Amino acid sequence: MLSRRALLVTGGASILVLGGGYAGLSAMSNIAPAREPWQQATQGFGDARLNAAAYAILAPSPHNLQPWMIRLEGEDSLTLFCDLDRRLPETDPPDRQTTIGLGAFLELLRQAAAEQGHRLEITKFPEGEPGVRLDERPIAHVRFVEDADVERDPLFGYALRRRTARAKFDPGRPVPSDRLAALMEISTAQPDLEAMKMDASSDPETANWLKGVCKRAWEIELRKPETCRESADLTRIGAEQINTSPDGISLSGPMMEAYRMTGILTQDSMGETGSAAWNSTLSMYNGLIESAPTFLWFTTPGNSRAEQLDSGAVWIRLQLAAAAVGVGFQPLSQALEEYSEMAGPFSEIHERFGVTLPGRMQGLFRLGYAGGQAPSPRWPLESRIIA
């Protein structure tokens, strides 16, 4: 976020006193404990439901809040709930993005169960769809049925290799059209997902227009005090915070440890409009957007909760397919958010691509090529189970 030069100007010399130099900071920045669930997923838990859930908890979710809670029932079933404290009331007031995350959980659960020879019977919203916001009613009831003929999903082989790209792409290297076609075909290769409409473009005019609207939307979110503060409060700076709370927005590495220890980077400074940390956050994300050579988006004909769950399945399938073809992938969600200050970009992007309400653009992503990424932190499986 902040540059090395900024660190030197504002107090980086204290690194030598605080941690024994850059090598000491490297030792302090270990977040391996927060990434252990990625290794634990392969170990097995003695129950087909838990074995599948160990993969499902690795699903993406808005701000990495991991809102899923599961309750095992009988010998072959579970019920999925939303942890209502793990929503984003400012940036996602209707819980649309949270519902999409829960849909991604269910899709990974389905794929992992199939690997063990189980077919899932999923009943979405068994007690009825929630209204304006999610509530205490279950998201889905899931029954595991042994089925030797269940079809395994080839995308599951990338479940532990998928990543959200948080680095700049090579702007001169768009994703080839054949790979884009493969991404779109694979991601909707399920009967429930055929109603999704998907498109992508590397056309410079379209890409530049999308960069402009995405940067404006990002600045709106960052300038609104409530949405900025919500994200700042959910930012984990340095290994100690990340390992203690392996959710939210993680900022790790030796430089982040230095910024944290010298007081340059704090949750308070990130939430203060015009501060060095705030300006660096704005610049960093703008740089990611600007580097995108290719964009992809998908829409639904309506915006029901069931369609949002299905959108989560498409979302995770897209990311798995991107890993399969070696393409970097990151969502750009700000222009799709639903609060009054975002009405302009929201309307523009829907009008540009001919989406009329109640239809909705459910996902917008930048695609390209960058270096390798490490997996994001996760809470362990046992923390997501209702006793």
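The questions below ask why certain words are used for parts of this predicted model.

Q: Why is histidine 350 called buried?
A: Buried means a relative accessible area under 20%. Histidine 350 has a relative accessible area of 4%, so the word applies. This histidine belongs to helix α15, residues 343-352.

Q: What makes the approach of histidine 350 to methionine 361 a polar contact?
A: A polar contact needs a pair of N or O atoms within 3.5 Å. The side chain of histidine 350 reaches the backbone nitrogen of methionine 361 at 3.1 Å. That value lies within the cut-off, so the pair meets the distance condition.

Q: Which residues does histidine 350 touch, leaving aside those up to four places away in sequence?
A: They are Leu336, Val355, Gly359, Arg360 and Met361. Touching here requires heavy atoms within 4.5 Å.

Q: What stands opposite methionine 361 of β10?
A: Threonine 299 stands opposite methionine 361. The strands concerned are β8 (residues 294-300) and β10 (residues 360-368).

Q: How do you know that β8 and β10 pair?
A: Two strands pair if there are at least two bridges between them. β8 and β10 have seven bridges, in the antiparallel sense, so they count as a pair.

Q: Why are β5 and β9 called edge strands?
A: Their sheet is open, has four strands and follows the order β5-β8-β10-β9, with antiparallel pairing. β5 (197-201) and β9 (328-331) each have a single partner strand, so one side of each is left without a neighbour in the sheet. Neighbouring strands of this sheet are turned by 25 degrees against each other on average, direction ignored.

Q: Which helix lies across β5, β8 and β10?
A: Helix α8, residues 204-223, does so, and runs at about 75 degrees to β8.

Q: What is the strand order in the open sheet that contains β1?
A: The order is β1-β2-β4-β3, and the pairing of these four strands is antiparallel. The edge strands are β1 (68-73) and β3 (118-124), since each pairs on one side only. On average, neighbouring strands here are turned by 25 degrees against each other, direction ignored.

Q: How do you know that β4 pairs with both β3 and β2?
A: The requirement is at least two bridges between two strands. β3 and β4 (residues 140-146) have seven bridges, and β2 and β4 are joined by four. Both counts satisfy the requirement, so β4 pairs with each of them. Both pairings are antiparallel.

Q: Which residues stand opposite arginine 143 of β4?
A: Arginine 143 is the bridge partner of glutamate 121, and serine 77 also stands opposite arginine 143. Elsewhere in β4, valine 145 has arginine 119 opposite.

Q: Which helix packs on the sheet of β1, β2, β3 and β4?
A: Helix α5 (residues 48-56) packs there and touches each of these strands. The direction of α5 makes about 175 degrees with that of β1.

Q: Why does alanine 54 of α5 count as buried?
A: The limit for buried is under 20%. The relative accessibility of alanine 54 is 4%, so this residue counts as buried. Apart from residues up to four places away in sequence, alanine 54 touches Ala41, Phe45 and Leu381.

Q: What lines the largest cavity?
A: The lining is made of Pro37, Gln40, Ala41, Phe45, Ala54, Ile57, Pro380 and Leu381. The volume of this cavity is about 40 Å³. A search of the whole structure finds one cavity of 30 Å³ or more.

Q: What makes helix α11 mostly covered?
A: Six of the eight residues in α11 (residues 254-261) are buried. These are Pro254, Met255, Met256, Glu257, Ala258 and Tyr259. Each has a relative accessible area under 20%, because that is what buried means. Just after α11, glycine 263 takes a positive phi of about 80 degrees.

Q: Which residues are closest to the centre of the second largest pocket?
A: Of the 25 lining residues, they are Glu107, Arg110, Gln190, Pro191 and Asp192. This pocket holds about 650 Å³ of space. The elements giving two or more residues to its lining are α6 (96-115), β3 and α14 (305-325).

Notes
Residues numbered from 1 in each chain as written. Predicted model: local features only at pLDDT ≥ 70, side-chain atom pairs only at ≥ 80, totals over all residues. Heavy atoms only, no water. Buried < 20%, exposed > 50% of the residue type's maximum accessible area, 1.4 Å probe, protein only. Polar contact = N/O pair within 3.5 Å; in protein donor to acceptor, adjacent residues only side chain to side chain. Axes fitted to C-alpha atoms, helices over the stretch in contact; angles between N-to-C directions. 1 Å grid on protein atoms, 1.4 Å probe; cavity = no way out; pocket = protein on both sides within 12 Å on 5 of 7 lines; lining within 4 Å. Points joined across faces, edges and corners; volume = space filled by probe spheres on them.
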